[in-house]
Amino acid sequence: MKLPIYQIDAFTDSVFQGNPAAVVILDSWVKDDTLQNIAAENNLSETAFLVKVDNDYEIRWFTPVCEVPLCGHATLASAHLILNEIETQREEVVFLSKSGPLVVRLKENILCMNFPASTLKKVETSFLIVEALHRKPAELYKSEDYMAVFNDEEIVLDIEPDFESIKKLDARGLIVTAPGKNTDFVSRFFAPAIGINEDPVTGSAHTKLVPYWAKRLGKSKLSAKQLSERRGKLLCNYYGDRIELMGNARIYLKGYIYIS
């Protein structure tokens, strides 16, 4: 079996920044064990697998240890590949996913993803959250992830998380966020339970972040920065039950996977 593979840096204008994702093109779906082994071998935060169905693409995402229902940066990477390399005559692609249809459009050389917005519930801060972050957030919310809100960008930047404590949380991962100095808000995302200690740029986390900050700031168009070591920049629109995430991507490498 010979499979085309691409490594693409997402939410960035240049390689070596943003969030790297692998994208693998399949003629048809192979066994889940094979998909998981490929993702583990790639050892990136996400590997996206694509199968074309009529004019759309089925998409699935795997971390090195498990499949996930939604991944923003690997979707952006996949869209960049389809619209800029494989089918350059197109300006839109629809990905059929476990989270429903995901539409990505190319608008003035920027990729625009339309995702469902997540609902957050305010909760009390537990000892485990304080232990994980070595400080108490101003507010704490929960959906599939916890979201800890602080009042200063420098606090988010300075956090040195306890990953073993984060693994014990009853959630996929932990988002930390604060108002930004040069952007509307900043964030970081930790998910050691699914094999990602700190994700460089996390589209799915912004399905929680964008609704929160849009309501808090009273605006529907926002700029965001994820303060990982690689950094990432996003432009965001809030439409109530849907959000748009906009960014660029760059191909780092092309090759083949050989499976005997």
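## Cysteines, a one-faced helix and two hairpins

Let's start with Cys 66: its closest cysteine sulfur, in Cys 71, is 11 Å away, which is too far for a bond. This is a predicted model, and Cys 66 is partly exposed in it, with a relative accessible area of 21%. Cys 236 tells a similar story about distance: the closest cysteine sulfur belongs to Cys 112 and is 10 Å away, so this pair is also too far apart for a bond. Cys 236 itself is buried, with a relative accessible area of 1%. What does a search of the whole structure find in the way of disulfides? The count is zero; a disulfide would need two cysteine sulfur atoms within 2.5 Å.

Now turn to helix H1, which spans residues 32-42. Which of its residues are buried? They are Leu 35, Gln 36, Ile 38 and Ala 39. Looking down the axis of H1, you will find these buried residues within an arc of 160 degrees, so they line one face of the helix. The other side of H1 carries the exposed residues Asp 33, Asn 37 and Glu 41. As for what the buried residues pack against, the partners are strands S1 (2-10), S2 (19-26), S3 (47-53), S4 (56-62), S5 (67-68) and S18 (249-258). After H1 comes Asn 43, with a positive phi near 55 degrees.

Further along the chain there is a run of strands to follow. Strand S6 (residues 92-97) and strand S7 (residues 100-107) run antiparallel and are joined by six bridges. To find one pairing on screen, look at Leu 96, whose bridge partner in S7 is Pro 101. Two residues lie between S6 and S7, and the two strands form a hairpin.

S7 also pairs with strand S8 (residues 110-116), again antiparallel, through five bridges. Here Leu 106 stands opposite Leu 111 in S8. S7 and S8 form a hairpin too, with two residues between them. In that turn, Glu 108 has a positive phi of about 50 degrees.

Our last stop is Thr 207, in helix H6 (residues 206-217). Is Thr 207 buried or exposed? Its relative accessible area is 1%, so Thr 207 is buried, the cut-off for that being under 20%. What surrounds Thr 207, once its neighbours within four places in sequence are left aside? The contacts are Leu 70, Phe 115, Pro 116, Ala 117, Ser 118 and Ile 243. Strand S8, whose residues are 110-116, therefore supplies Phe 115 and Pro 116 to the surroundings of this buried threonine.

Key:
Residues numbered from 1 in each chain as written. Predicted model: local features only at pLDDT ≥ 70, side-chain atom pairs only at ≥ 80, totals over all residues. Heavy atoms only, no water. Helix = DSSP H or I, 4+ residues; strand = E, 2+ residues; numbered from the N terminus. Buried < 20%, exposed > 50% of the residue type's maximum accessible area, 1.4 Å probe, protein only. Contact = heavy atoms within 4.5 Å. Pairing = 2+ DSSP bridges. Arc of directions from axis to C-beta.
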